[in-house]
Number of protein chains: 2
Amino acid sequence: MSGPDESFLTNCLFFTANRLGRTITKIAEDAFAPTGLTPMYGYLIRLAVGTPGISQKELAEKLSVTPSTLTRFVDKLELKGLVERKVQGKTVLVYATAKGEGMIETIKAASRELRSRYEALLGKEFADEISKQLIFSSEQLEKQ
Amino acid sequence: MSGPDESFLTNCLFFTANRLGRTITKIAEDAFAPTGLTPMYGYLIRLAVGTPGISQKELAEKLSVTPSTLTRFVDKLELKGLVERKVQGKTVLVYATAKGEGMIETIKAASRELRSRYEALLGKEFADEISKQLIFSSEQLEKQ
DNA sequence: CTATTTTGTTTGTACATACAATCAAATTAA
DNA sequence: TTAATTTGATTGTATGTACAAACAAAATAG
């Protein structure tokens with residue numbers, strides 16, 4: 001009575017990782033709704049507040065996105081008046097504006113909300129553990 | 001000497017899951033290059049071959065994408081002559097064409113190549129384990 | 001010191017994906 | 001049996017993200 005074999009999906013790390021990505025992105029965007037930002041933008045602001053004048057290159061590395069994607073993120077946040085660029089030679093330094101800094105508590109609250117939502121469903125232990133394993137996996141796989 | 005606290009990234013399941021998703025998507029697309037398809041399209045064809053006449057609704061569920069996304073996937077594969085639609089009342093049944101079926105071995109080879117690439121970096125044990133945990137996490141989180 | 005290479009950023013373009021609205025078929029209720 | 005609801009699919013639109021090409025500044029080599 002077993003249907004066709006579909007284990008090629010559930011066994012595939014590409015599929016399972018992206019499936020979880022899509023699922024938790026929905027939860028994350030919902031938790032971040034009060035900020036008016038998606039989580040990646042919120043995290044960019046947190047980085048800029050934590051390290052004023054951080055370069056776009058560093059931001060891209062820390063957020064694990066390509067430089068072109070990062071340019072677009074900063075474009076949008078600049079347009080919203082939440083960060084500003086200072087060009088220094090060939091590098092661009094990013095600073096949170098006062099308006100951006102003013103959002104930091106809202107952003108942190110959204111992060112906490114996000115975390116508490118998924119911890120409620122996964123358990124704190126397991127959630128912590130799997131995040132660590134995901135980091136480890138990314139690092140291994142990025143060793144070309 | 002510790003820099004600013006950036007654990008909000010590495011502790012956040014939204015961030016870690018999507019980071020891994022981006023990383024492994026690159027590997028997966030590379031492994032699937034010989035098929036001329038991205039992995040999701042390859043998997044759709046595998047599902048259609050395994051269950052001839054599978055409905056779009058079922059495909060969307062199995063692939064964990066929305067119906068609108070699935071419509072677009074089928075559009076493209078139909079355009080490439082790899083699947084065809086048969087409308088049956090309000091549902092659409094999807095069949096692989098001969099051309100689509102002819103690709104199944106190439107697609108399976110790409111899946112094996114993908115798997116062997118990430119297993120080489122993560123170890124077979126760990127790769128298996130983490131895929132299971134990712135599935136479990138998605139299922140838990142999808143319980144609204 | 002000029003010429004070359006490298007490095008950081010940006011822009012054009014493309015794709016996967018989602019949501020909301022629409023539409024059409026099917027089911028249920030009156 | 002008609003009217004209302006539900007369900008599956010599609011379309012318009014928007015966003016995140018990538019890659020490749022272009023560009024400009026900096027570093028290195030001749």
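**Two chains and two DNA strands**

Me: Which residues come nearest to DNA strand C, of the 24 around the strand?

Reply: In this predicted model, they are Gln56(A), Lys57(A), Val92(A), Arg72(B) and Phe73(B). Each of the 24 residues is counted around DNA strand C because it has a heavy atom within 4 Å of the strand.

Me: What makes the approach of Val92(A) to DNA strand C a polar contact?

Reply: A backbone N or O atom of Val92(A) is 2.8 Å from a phosphate oxygen of DNA strand C. The limit for a pair of N or O atoms is 3.5 Å, so the pair qualifies.

Me: Why does Lys90(A) also qualify, and which part of DNA strand C is involved?

Reply: An N or O atom in the side chain of Lys90(A) lies 3.4 Å from a sugar or linking oxygen of DNA strand C. That value is within 3.5 Å, and the pair is therefore a polar contact.

Me: What does Ser68(B) approach in DNA strand C?

Reply: The partner is a base nitrogen, 2.8 Å from a polar side-chain atom of Ser68(B). Elements giving two or more residues to this surface are α2, α4, α5 and β3 (91-96) of chain A, with α3 (39-50) and α5 of chain B. The most come from α5(B), with five residues.

Me: How many residues of the surface near DNA strand C are nonpolar, polar and charged?

Reply: There are six nonpolar, nine polar and nine charged residues. On the DNA side, sugar or phosphate holds 67% of the strand C atoms within 4 Å of the protein, and bases hold the rest.

Me: Which residues come nearest to DNA strand D?

Reply: Ser68(A), Arg72(A), Phe73(A), Gln56(B) and Lys57(B) do, out of 24 residues around the strand. Of the atoms of DNA strand D within 4 Å of the protein, 67% belong to sugar and phosphate.

Me: Why do Lys57(B), Val92(B) and Arg72(B) count as polar contacts of DNA strand D?

Reply: Lys57(B) places a backbone N or O atom 2.8 Å from a phosphate oxygen of the strand. For Val92(B), a backbone N or O atom is 2.9 Å from a phosphate oxygen. Arg72(B) instead uses a polar side-chain atom, 2.9 Å from a base nitrogen. Each value is within 3.5 Å, so each pair is a polar contact.

Me: Which element gives the most to the surface near DNA strand D?

Reply: It is α5(A), with five residues. The residues of this surface divide into six nonpolar, nine polar and nine charged.

Me: Why is the pair Glu6(A) and Lys62(B) called a salt bridge?

Reply: The closest N and O atoms of Glu6(A) and Lys62(B) are 3.2 Å apart. The rule allows 4 Å between a Lys side-chain nitrogen and a Glu carboxyl oxygen, so the pair is a salt bridge. Four salt bridges are found across the interface of chain A and chain B, and 20 residue pairs are in polar contact there.

Me: Which element gives the most to the side of chain A that touches chain B?

Reply: Elements giving two or more residues include α1 (7-10), α2 (13-32) and α8 (124-142) of chain A. The most come from α2(A), with 15 residues. The residues on this side comprise 28 nonpolar, 16 polar and nine charged.

Me: What area is buried between the two chains, and how many residues take part in the contact?

Reply: About 5,400 Å² is buried between chain A and chain B, with carbon and sulfur atoms giving 69%. The contact takes 53 residues from chain A and 53 residues from chain B.

How values were computed: Residues are numbered from 1 along each chain as its sequence is written. Chains are lettered from A and ligands numbered from 1 in the order in which they are written. This is a predicted model: local features need pLDDT of at least 70, side-chain atom pairs count only at pLDDT 80 or more; totals for chains, interfaces and linings use all residues. Side-chain values use heavy atoms; hydrogens and water are left out. Contact means heavy atoms within 4.5 Å. Buried area is the accessible area (1.4 Å probe) that two parts lose on being put together, summed over both. A polar contact is a pair of N or O atoms within 3.5 Å; within protein, one must be able to donate a hydrogen and the other to accept it, and residues adjacent in sequence count only if both atoms are side-chain atoms. Helices (H or I, at least four residues) and strands (E, at least two) are DSSP runs, numbered from the N terminus. Ala, Val, Leu, Ile, Met, Phe, Trp, Tyr, Cys and Pro count as nonpolar, Asp, Glu, Lys and Arg as charged, and the others, Gly among them, as polar.
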